[in-house]
Amino acid sequence: MTFSPPSPGADASEAIGARHGAASSGKRVHFPSDRPLVTDGGGVIAPLTIAYETYGVLNEAKSNAILLCHALTGDQYAAGVHPLTGKPGWWEVLVGPGRPFDTDRFFVISSNVVGGCMGTTGPASINPATGRSFGLDFPVVTIRDMVRAQAMLIDHLGVETLFCVAGGSMGGMQALQWAASYPDRVFAAMPIATAPRHSSQNIAFHEVGRQAIMADPDWRSGRYLEAGVRPEKGLAVARMAAHITYLSDTALQRKFGRKLQDRAAPTFSFDADFQIESYLRHQGLAFVERFDANSYLFVTRACDYFDLAADYGGSLALAFKGSQTRFCVISFTSDWLYPTSASRAIVHALNAGGASVSFVEIESDKGHDAFLLYEPDFFATMRGFLEAAASARGIAPSRAKAS
Amino acid sequence: MTRGAHKRSDLAVVADMVAPGSRVLDVGCGDGLLLEMLARDRRVDGRGVELSQRGVNDCVAKGLPVIQGDADTDLADYPEDSFDYVILSQTLQATQRPRVVLEHMLRIGRRAIVSFPNFGHWRVRMQLLLHGRMPRSTNLQYSWHETPNIHLCTIKDFVDLAEEVGAVIERGMALDLVGAPFRVAAPLPVMNLFGAQAIFLLKRGRALETSTP
C-alpha cells in the first residue's frame with residue numbers, strides 16, 4: 001500500500017496504476033453505461049465508478065445513515081488511516097465510537113466526489129471512447145453533479161432518507177445542495193465553514209491555482225499522464241497559495257512569525273530562509289504526492305460555479321422553502337475564506353423559508369481549517385445537535401451508552 | 001441581552017400564556033431555559049435568537065434550534081405570520097429601537113409576549129426622589145454607566161407604546177418584588193406603582209402595512 005513516484009519514462013498506465021492503486025483497496029460501486037450521470041453542463045459520465053468508505057452499521061430501519069461530504073482535496077477516507085498518506089482520515093477527530101459522528105450509533109458514508117482522483121471517475125480515469133485518460137475531455141462538473149453521484153451511491157446502499165448530511169467547505173456546499181435538491185431525503189444537514197455561493201475573491205484564488213498548474217510545461221495541455229510526467233511544480237504552487245487561505249494571519253504569526261529555518265541569520269538568497277516558506281514548500285510537495293493536477297482544475301471549477309440561489313430565481317430562501325430538514329450552520333470567527341457573513345446569508349434564507357435552523361459562530365483563531373480540528377465548542381455544538389436530531393428521528397442510543 | 005443564570009420568576013408566567021403545541025420564537029433566549037420549559041411542558045415547536053455566543057452554544061448543545069442574532073437587526077428577515085407567538089422576555093429595554101422591535105414581533109407572530117422590569121415601581125421612584133441617584137434593584141442590577149438597559153420604561157409607557165403601534169392588549173399582568181403575580185386585576189396606576197415586572201400578551205390590532213418586505 002505504499003506509494004512511490006513513477007520513474008521518468010514509466011508507462012503512463014503504470015503511473016496511473018501506482019497513483020491510484022492504493023485507493024483500489026476501498027469500496028467501489030460501478031454504474032454501467034445504461035445508468036449515466038448527466039451533468040449540469042450537458043456532459044455524460046458513463047460508466048461511472050464511485051469509491052467510498054463506510055463506518056458503523058446501517059440499522060434495520062435504515063434510519064441512521066450519515067453522509068459526510070469531503071472538501072476540495074479531501075476524499076472518502078474520513079476516518080481511520082489513509083492508505084496513501086498513512087495519516088488519519090480528514091474527520092478522524094469527529095468520526096468513531098463515542099465521537100460526535102458515533103459509529104456505534106450511526107452508519108457513516110463518505111465517498112470521493114465525481115471529478116476526484118481517489119477512485120471515483122475523474123479526469124485521470126480512462127475515457128472508454130479513446131482508451132486514454134480523459135484529461136480535459138472530462139465533463140466540467142458542478143456541486144450538484146457531485147450530489148447527483150452521491151444520490152446514486154445512496155440508492156445503491158438502499159438508503160431512502162439520510163439521517164444527516166454534513167460537510168465543511170466544499171463539503172458544506174454539497175450539504176446545502178443535498179437539502180435543496182432532495183429535501184425529502186435529508187432529515188438533518190450540517191453545512192460548516194461554507195458559503196451559499198463562491199465569491200469573487202473565492203474564484204480569484206482558485207484561478208491563481210489553476211493558472212499555476214496550466215503554466216507548468218509538464219502540464220502538457222492536460223495530457224501529462226500519457227507523457228509519464230506530472231505538473232508537480234504548478235500543482236505545488238497552487239496548493240501553497242490555497243493553503244494560505246485556509247489559515248488565519250494570527251495562526252501563521254503564532255506558528256511561524258518571522259522565525260528562520262535551521263539558520264541563525266538570513267542568507268541573502270532566495271532559499272527558504274523563513275519557516276513559513278519552508279512550511280509552504282513542504283505542503284506543496286506533500287500535496288503533489290497524493291493529488292492529480294487535472295482533478296484540482298475540476299474540483300476548483302465546481303466550487304466556482306456554485307451559486308445555489310441562482311438555481312432558484314436568485315432567491316436562496318426559495319431553495320429551502322417549506323424544507324422539513326433541520327439545519328445546523330456553523331462558522332468560525334477567523335475564517336476569511338468562507339466568513340461568518342456567508343453562513344449568516346444561509347441562516348437568513350433558511351429562516352425566511354421557515355426551516356428549523358441552529359447557527360453558531362465558533363470562536364477560533366485557526367482560520368478556515370478550524371473545521372478539521374478539535375475545538376471544544378464546535379464538538380459540543382455538533383454533539384448536541386446530532387443528539388437532539390437522532391432522538392427526534394427515533395435512532396436508538398449506542399449500545400455502549402445504553403449499557 | 002443575555003439572561004442571567006438566576007431563576008427567573010417571569011418565565012413560568014410567560015410560559016402559561018402560550019397555547020400548547022404552538023410555534024414560538026423566543027427573542028433573546030439566553031441559555032434556552034424558557035424554550036426548554038415550553039418544549040417539555042407544552043410541546044411547543046420553539047426557535048430562539050440570542051446575541052451572546054455563550055448562550056447560543058449552550059442552546060445548540062442542548063439540541064435547541066437557536067441562531068446567533070440581534071433583535072434590532074435580524075427580525076426584519078423573518079416572514080410575517082411565521083410564528084404563533086414571538087416572545088421578548090426581559091430584553092425590550094436593552095434594544096436600540098424598542099418600537100421597531102415590537103412592530104416586527106407583531107408582524108412575525110400572531111401574538112407577542114413582552115416582559116420587562118417596571119421603572120415606575122415605587123422603590124425606583126423613591127430611590128430617585130430620596131437619594132437623587134439612578135435606581136438599582138434586583139431587576140435593575142447595573143450601575144448607570146454599565147447598564148445594557150438603555151430603554152427602560154414604566155408600565156404606563158409600555159401601554160402607550162402598544163397603543164401607538166396598534167397592538168391590542170389581550171392580557172397584562174404585574175409581578176411583585178418576589179415574582180408573584182397580583183391576585184386581582186389591579187387598575188393601571190396600581191400596577192405601575194407596585195409591579196416590579198410586567199408581562200403583556202399582545203396581538204396585532206390593525207392590518208399589516210403592505211410596505212413591509
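Domain bounds here come from an automatic or database domain assignment. On that basis, chain A of this predicted model is divided into domain 1 (12-197 + 309-402) and domain 2 (204-300). Taken over C-alpha atoms, the centres of domain 1 and domain 2 of chain A are separated by 26 Å. Where the two domains of chain A meet, domain 1 supplies 29 residues to the contact and domain 2 supplies 19 residues. The side of domain 1 of chain A that touches domain 2 is made up of 15 nonpolar, 10 polar and four charged residues.

Confidence comes next. The model as a whole has an ipTM of 0.78 and a pTM of 0.87. For chain B, the mean pLDDT is 89, with 92% of the residues at 70 or more. A stretch to treat separately is residues 1-6 of chain B, where the pLDDT is below 50; this stretch nevertheless has 14 contacts in the model beyond near neighbours in sequence.

The interior can be described through its nonpolar residues. In soluble globular proteins, nonpolar side chains tend to be buried together. Here the largest nonpolar core contains 174 residues, and the members with the most contacts inside it are Ile66(A), Leu162(A), Cys164(A), Val165(A), Ala189(A) and Val86(B). Both domain 1 and domain 2 of chain A contribute at least three residues each to this core. Cys164(A) offers a helpful view of the surroundings: neighbours within four places in sequence aside, its contacts are Ile66(A), Phe187(A), Ala188(A), Ala189(A), Met190(A), Leu386(A) and Ala389(A).

Turning to the two chains together, the contact between them involves 22 residues from chain A and 15 residues from chain B. On the side of chain B that touches chain A, the elements giving two or more residues are helix 3 (53-61) and strand 3 (66-68). Helix 3 of chain B provides the largest share of that side, with five residues. In terms of residue class, the same side of chain B holds eight nonpolar, five polar and two charged residues.

Helix 3 of chain B also packs against a helix of chain A. Its axis and that of helix 12 (residues 376-393) of chain A come within 7 Å and cross at roughly 40°. From helix 12 of chain A, the contact is made by Asp377(A), Ala380(A), Thr381(A), Arg383(A), Gly384(A) and Phe385(A), while helix 3 of chain B takes part through Asn57(B), Val60(B) and Ala61(B). The residues of this helix contact comprise four nonpolar, three polar and two charged.

Some details of the backbone of chain A also deserve a look. Most residues other than glycine have a negative phi, and most peptide bonds are trans. The peptide bond from Ala46(A) to Pro47(A), however, is cis, with omega near -5°. Pro47(A) sits in the loop that joins strand 3 (44-45) to strand 4 (48-55) of chain A.

Positive phi values appear at Ser221(A), with about 55°, and at Phe268(A), with a value near 50°; neither Ser221(A) nor Phe268(A) is a glycine. Ser221(A) belongs to the loop between helix 4 (200-215) and helix 5 (224-227) of chain A, and Phe268(A) to the loop between helix 7 (249-255) and helix 8 (275-290) of chain A. Are these residues buried or exposed? With 12 or fewer other C-beta atoms within 10 Å counting as exposed, Ser221(A) is exposed because it has 8. Phe268(A) is likewise exposed, with 7 other C-beta atoms within 10 Å.

Note on methods:
Residues are numbered from 1 along each chain as its sequence is written. Chains are lettered from A and ligands numbered from 1 in the order in which they are written. This is a predicted model: local features need pLDDT of at least 70, side-chain atom pairs count only at pLDDT 80 or more; totals for chains, interfaces and linings use all residues. Two residues are in contact if their C-beta atoms, placed from the backbone, lie within 7 Å. Helices (H or I, at least four residues) and strands (E, at least two) are DSSP runs, numbered from the N terminus. Ala, Val, Leu, Ile, Met, Phe, Trp, Tyr, Cys and Pro count as nonpolar, Asp, Glu, Lys and Arg as charged, and the others, Gly among them, as polar. A nonpolar core is a set of buried Ala, Val, Leu, Ile, Met, Phe, Trp, Tyr and Cys residues joined through C-beta atoms within 7 Å. A residue is buried if 20 or more other C-beta atoms lie within 10 Å of its own, exposed if 12 or fewer, and partly exposed in between; C-beta atoms are placed from the backbone. pLDDT is the predictor's confidence in each residue, from 0 to 100. Axes are lines fitted to C-alpha atoms, for helices over the stretch in contact, and angles run from 0 to 180 degrees between N-to-C directions.
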